[in-house]
2 protein chains.
Amino acid sequence: MRIAELSRASGVAVPTIKYYLRDGLLSAGELTSKNQAQYDERHVRRLKLIRALVDVAGLSIAGVRDALAAIDSTEQGRHKLLGQVLHSVPVPAALPDDDPGLAGGDAELTTLIGKLGWAVKPDNPAWRNAAEAIATIRALGADVVLERLAGYARAMHDVAELDLAMIAEVKDRERLIELAVLATLLGDPLLLALRRLAEEDVSARS
Amino acid sequence: MRIAELSRASGVAVPTIKYYLRDGLLSAGELTSKNQAQYDERHVRRLKLIRALVDVAGLSIAGVRDALAAIDSTEQGRHKLLGQVLHSVPVPAALPDDDPGLAGGDAELTTLIGKLGWAVKPDNPAWRNAAEAIATIRALGADVVLERLAGYARAMHDVAELDLAMIAEVKDRERLIELAVLATLLGDPLLLALRRLAEEDVSARS
């Protein structure tokens, strides 16, 4: 198909497609003449994925590039590959390295992980994100939130078990990576929306 | 304290403080002369809260304004107030109203809520967010994610029960609203970071 048809099939405007092509997020079509290229279903699929990562997961173009790089990497085994996916799209650090509360947040997280017995290493980028959130909540005096930290962690462990069970079910290797990225990045806003709906339900019953 | 001291106590630069003052996010200090104002601990506290909402919760200035308006509202009872907080900082819609998948996402969410027996109404802004996430995941063919939707919802219900138990514990009314906003907005990045750490743990065990 030509670029106009690709635009119709994907719902992405032609100038945006050209931007993604220039930026390398979308691979070039097959040149059929000097000024014309042909695109196929893989291009449609990739465009829909990019739009979902931008619109629903809220990623920047740089974040999309990282996520696509994780999807396109083909060197790892299944476990390593999942690690790659999980590490590939870190949330940027919100606090400076010398923030006075950060060491305390880190120590609280270390205690929590030890108490839960989780096999998790501090080089996971999410470690820093969690330590920052804990430090910020503590700095604002919201100790009642942190008293429930282990409960929150256990609920998210249930989520992680569903995530991994899903990934184990997928046989097609290429699809597996895409799904792991999708489930993580599109699952995030879904989980947060479900949290607010559940809060309404619990609030209505109390 | 004068503005330079307020800057030191809060860790927020003077030009940023002046911007918040002009923008009405921070209330004016008490004028002690034509060009000088005095600030107090409430200003320090409010500045820390604004920075946390921007840096850790990732809110825009408009989002911060909505969150602060919810904190500052004093008209509602405890239950209504929580609803106000939950409704006050909606995630902006990611899909246009006429998106072809949105009605399907909405229908799937209606089925899910019915199956779970949740007392939730579609005017909750999170309803639209959840319907959009479901529609996007479905459009990308990630059905294995949606097969686990009820499981994800139940895990987030556990989170919501902790949220509400925490809120019930707080006696001071002004503090209650601030905590509800904090727990929701700063709790979001914390939960997502815990999800990734838990994924590492489950992955290491499998």
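Here is a short, friendly note on how the two chains of this model fit together.

1. Please keep in mind that this is a predicted model, where local features need pLDDT of at least 70, side-chain atom pairs count only at pLDDT 80 or more, and totals for chains, interfaces and linings use all residues. Residues are numbered from 1 along each chain as its sequence is written, chains are lettered from A in the order in which they are written, and side-chain values use heavy atoms, leaving out hydrogens and water.

2. A turn of 180° with a shift of 0.0 Å along the axis lays chain B on chain A with an RMSD of 0.0 Å (superposed by least squares on C-alpha atoms of residues with pLDDT of at least 70 in both). The two copies are thus related as by a two-fold rotation axis. B:Ala155 has the C-alpha of chain B nearest that axis, at 2.6 Å.

3. Between them, chain B and chain A bury about 7,400 Å², 70% of it on carbon and sulfur atoms (accessible area, 1.4 Å probe, lost on being put together and summed over both). On the chain B side, B:Leu140, B:Arg195 and B:Arg196 lose the most area to chain A.

4. The rule finds 8 salt bridges across this interface (a side-chain nitrogen of Lys or Arg within 4 Å of a carboxyl oxygen of Asp or Glu). One of the salt bridges joins A:Arg195 and B:Asp163, with the closest N and O atoms 3.0 Å apart.

5. Do look at B:Asn124, which counts as buried at 2% relative accessibility (buried means under 20% relative accessible area, 1.4 Å probe, protein chains only).

Conventions:
Buried < 20%, exposed > 50% of the residue type's maximum accessible area, 1.4 Å probe, protein only. Buried area = accessible area lost by both parts, 1.4 Å probe.
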